[in-house]
Amino acid sequence: MSSTINGGISYWYADHGTPAPREPLPGDESADVCIVGGGYTGLWTAYYLKKAAPFLRITVLEQKFCGYGASGRNGGWLYNGVAGRDRYARLHGKEAATRLQEAMNDTVTEVIETAKAEGIDADIHHGGVLEVAYTPAQLARLKEFHATELAYGEKDRTLHGARETADRIRVAGAVGSTWTPHGARLHPVKLVKGLASAVEALGVTIHESTPVTEIKPKHAITPYGTVRAPYVLRCTEGFTASLKGQRRTWLPMNSSMIATKPLSAAQWESIGWEGRETLGDMAHAYMYAQRTADGRIALGGRGVPYRYGSKTDNNGRTQPATIEALREILTRFFPQLAGVEVAHAWSGVLGVPRDWCATVTLDRATGLGWAGGYVGSGVATANLAARTLRDLVQQDSGQAGPTDLTTLPWVNHKVRKWEPEPLRWLGVHSMYATYRHADHKELTTPTPHSPHLARLANRLSGRH
Ligand SMILES: Cc1cc2nc3c(=O)[nH]c(=O)nc-3n(C[C@H](O)[C@H](O)[C@H](O)COP(=O)(O)OP(=O)(O)OC[C@H]3O[C@@H](n4cnc5c(N)ncnc54)[C@H](O)[C@@H]3O)c2cc1C
């Protein structure tokens, strides 16, 4: 019988414990700013706003507990990727998109330094991001990706052949890799818990076990009362569809992970990975992994990508077939780990807008704001989004003028809604079926060209 713990929100909670619950909203309240959602986006927004304007009365409303969502379940890649950059370059020009990229590069440092300044020990290791290729088609994409990143101003990214890659990490069959210093490994839950405590210590009110059912201008409505505030900021990412009127705004996409038992010294010796870079690949249905501070491999990828009707949560429970598929990826990368015990498996949801572009918006007419749609690159992006929301609120309330952040191309970006069901379900499932088919084809018939269908799936889904 398998000894894998399935669900329980995530391995990170098994490692660090679920937090003591904070009081729910006791009744109607008023605030200057009401933030809905206690993940990285909501908490960083509360943090930066309160730091900038300590007199503000800020209330965070969280349906379960802070870090219940993706912020307590992710792969711990703090890195400089931002969803939609290339589309923003097409819409607003290369220079604007390069400014967004540079802001993201700085954000990695900002999170590391702020965590340090606040005394948050989140097992951060600044080892950069290593992405490997193990088929000719992946190598072709890797080189293209590398060149693109250089063209967006990354001066310190390096390209490696098979031998140099193996010097860093022995991934079976790896033919090349690209490395950037703009990334770090972290323990997601230690960060989100530390952040919630820091925010509270600044004087922000956090109510947990308080689901918001509807957001209206100047109102966040819950079963226990309504918070009235000139600014209501929606920071609910993959859960957004559960709010009244938001069903087709951002599609809740699942991502699933496994964590092994701690590996032995001999196993680590056979793998290398001393730099503790976050590790990814160039498959269409890509994987992501980290070497945890307690000596495990935590590895994620796409399982069942999307549940009919935008359903979201079951405390992270994951289908056995998905756990098996992730284990196969683990042993494809490191065949010597065949038979290693998977200690934990879990899943979470991330928000995907129809055009796959992350956004930060403040509607000046209504005082409603939101940030998200990070499509799986949210650990760092949420921090940049939060600082941007701070600047937008300060600008709108006359406390400051426009800043470098309020003029970034992702600000106030508009996108259409997703199609109604069953089109939404059919679209996402066929896209991922096509990716899996393309990945399999690339493995079995090695050519440097990506199958046409994978490119078509990208175009139809609005991804590229
Ligand atoms: C398995 C997995 C792995 C990932 N790995 C990475 C990675 O390695 N690197 C990376 O950059 N990104 C990764 N991501 C994405 C990243 O974790 C998210 O983009 C980021 O955490 C989003 O933060 P957030 O605060 O916007 O959303 P969340 O963390 O989801 O927070 C939203 C919060 O809002 C609350 N909420 C929702 N609806 C309501 C409501 N109606 N009322 C009150 N509260 C509500 C939720 O309970 C939740 O706590 C991953 C995501 C998943 C699921």
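This text walks through helix packing, the ligand shell and a few single residues of a predicted model.

Start with helix H10, residues 381–396. Helix H2 covers residues 40–52. The axes of H2 and H10 come within 8 Å and cross at roughly 45°. That angle makes H2 oblique to H10, because it falls outside the ranges for roughly parallel (under 35 degrees) and roughly perpendicular (65 to 115). The crossing is right-handed.

Which residues of H2 meet H10? From H2 come Tyr-40, Thr-41, Trp-44, Thr-45, Tyr-48, Leu-49 and Ala-52. From H10 come Ala-382, Asn-383, Ala-385, Ala-386, Arg-387, Leu-389, Arg-390, Val-393 and Gln-394. By class, this contact of H2 with H10 holds 10 nonpolar, four polar and two charged residues.

H10 also packs with helix H4, residues 94–117. Here the axes are 9 Å apart and the angle is about 100°. So H4 is roughly perpendicular to H10, as the angle lies between 65 and 115 degrees. On the H4 side the contact uses Ala-103, Met-104, Thr-107, Glu-110 and Val-111. On the H10 side it uses Thr-381, Asn-383 and Leu-384. The residues of this H4 and H10 contact divide into four nonpolar, three polar and one charged. Asn-383 of H10 thus has a place in the contact with H2 and in the contact with H4.

Next, the ligand. The shell around the ligand has 44 residues. Which come nearest? They are Gly-37, Gly-39, Gly-69, Gly-348 and Gly-378. Three elements give two or more residues to the shell: H2, strand S15 (251–260) and strand S19. H2 therefore links two parts of this account, as a contributor to the shell and as a partner of H10. By class, the shell has 19 nonpolar, 21 polar and four charged residues.

Now the backbone. Most residues other than glycine have a negative phi. Two residues here stand out against that. Trp-356 has a positive phi, near 60°. Trp-356 lies in the loop between strand S19 (342–352) and strand S20 (359–363). Is Trp-356 buried or exposed? Trp-356 counts as buried because 20 C-beta neighbours lie inside 10 Å, and the cut-off for burial is 20 or more.

Val-375 is the other case. Its phi is positive too, near 50°. Val-375 sits in the loop between strand S21 (368–372) and H10. Val-375 has 22 C-beta neighbours inside 10 Å, so it also counts as buried.

Two further residues have fewer neighbours than that burial cut-off. Lys-216 is in strand S11, residues 214–216. With 13 other C-beta atoms within 10 Å, Lys-216 is partly exposed. From Lys-216 to Gln-246 the sequence separation is 30 residues, and their C-alpha atoms are 12 Å apart in space.

Thr-445 lies in the loop between helix H11 (423–444) and helix H12 (452–461). Thr-445 is exposed, because just 11 other C-beta atoms lie within 10 Å and the limit for exposed is 12 or fewer. Thr-445 and Val-212 are 233 residues apart in sequence. In space, C-alpha to C-alpha, Thr-445 and Val-212 are 51 Å apart.

Terms used:
Residues are numbered from 1 along each chain as its sequence is written. This is a predicted model: local features need pLDDT of at least 70, side-chain atom pairs count only at pLDDT 80 or more; totals for chains, interfaces and linings use all residues. Axes are lines fitted to C-alpha atoms, for helices over the stretch in contact, and angles run from 0 to 180 degrees between N-to-C directions. Helices (H or I, at least four residues) and strands (E, at least two) are DSSP runs, numbered from the N terminus. Angles under 35 degrees count as roughly parallel, over 145 as roughly antiparallel, 65 to 115 as roughly perpendicular and the rest as oblique. A crossing is left-handed if the near helix is turned anticlockwise from the far one by less than a right angle, and right-handed if clockwise. Two residues are in contact if their C-beta atoms, placed from the backbone, lie within 7 Å. Ala, Val, Leu, Ile, Met, Phe, Trp, Tyr, Cys and Pro count as nonpolar, Asp, Glu, Lys and Arg as charged, and the others, Gly among them, as polar. A residue is near a molecule or strand if its C-beta atom, placed from the backbone, lies within 6 Å of it.
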